[in-house]
Amino acid sequence: MKGGAALFTEHFHDCPSKREKLFELMFEKFQVPGFYMAPSPVLSLYSSGRGSGIVVESGNSVTQTVAIYEGYMIANSVLRENYAGAEVTRVLRASCATDDPVFADADYVHLKEKYSSCSNTQITEVELPDGTIHSIKRFTSEKLH
């Protein structure tokens, strides 16, 4: 990694000792000439060309929101919920449950990623690779709790 600077994202709950250890590792072991670490919500907002706004990040197990003003996170604005992709997949799997399983686990993830949205539409028609058409009923976040 010699010769190039490094950009890392950090979780905004990381402790300073972890940050210091990473800086030490990058400069001493990998001998990078430059190193910058920033919270991922700030970099997400920058990628849209903005320095202020509200960022919602949803992963596999956690969804979090944070307000950012001129590139700085407002510490008391961070909200974290333990409902995210895995829980949505679980609810989708439960809503499609039958005695004869139609989908493998990866299929539920694919359906979720392809057809989920923030929409008022209640039913979505999905054509499967074998040509059969299934209706998927959209559910609201209340079903996740």
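Colleague: How much surface does the chain expose, and what share of it do carbon and sulfur atoms supply?

Modeller: About 10200 Å² is exposed by the chain, and 54% of that area comes from carbon and sulfur atoms. Please bear in mind that this is a predicted model.

Colleague: What percentage of the residues in the chain is buried?

Modeller: A residue is called buried when its relative accessible area is under 20%. In this chain of 145 residues, buried residues make up 28%.

Colleague: Is E10 buried or exposed?

Modeller: E10 counts as buried because its relative accessibility is 11%, which is under the 20% limit. The residue belongs to strand β1, spanning residues 6–10. Beyond its neighbours within four places in sequence, E10 contacts R19, M37, A38, P39 and S40.

Colleague: How should I read I123 by comparison?

Modeller: The partly exposed class lies between the 20% and 50% cut-offs. I123 has a relative accessibility of 48% and therefore counts as partly exposed. Its place is in strand β7, residues 123–127.

Colleague: How far apart are I123 and H134 in space?

Modeller: From C-alpha to C-alpha, 9.9 Å separates I123 and H134, while eleven residues set the two apart in sequence.

Colleague: In what order do the elements of the chain run?

Modeller: Starting at the N terminus, the order is β-α-β-α-β-β-β-β-α-α-β-β. The chain holds four helices and eight strands.

Colleague: What share of the contacts with a separation of 6 or more joins residues 24 or more positions apart?

Modeller: Such pairs account for 37% of the contacts in the chain with a separation of 6 or more.

Note on methods: Residues are numbered from 1 along each chain as its sequence is written. This is a predicted model: local features need pLDDT of at least 70, side-chain atom pairs count only at pLDDT 80 or more; totals for chains, interfaces and linings use all residues. Side-chain values use heavy atoms; hydrogens and water are left out. Helices (H or I, at least four residues) and strands (E, at least two) are DSSP runs, numbered from the N terminus. Buried means under 20% relative accessible area, exposed over 50%, partly exposed in between (1.4 Å probe, protein chains only). Contact means heavy atoms within 4.5 Å. Accessible areas come from the Shrake-Rupley method with a 1.4 Å probe; for residues, only the protein chains shown count as cover.
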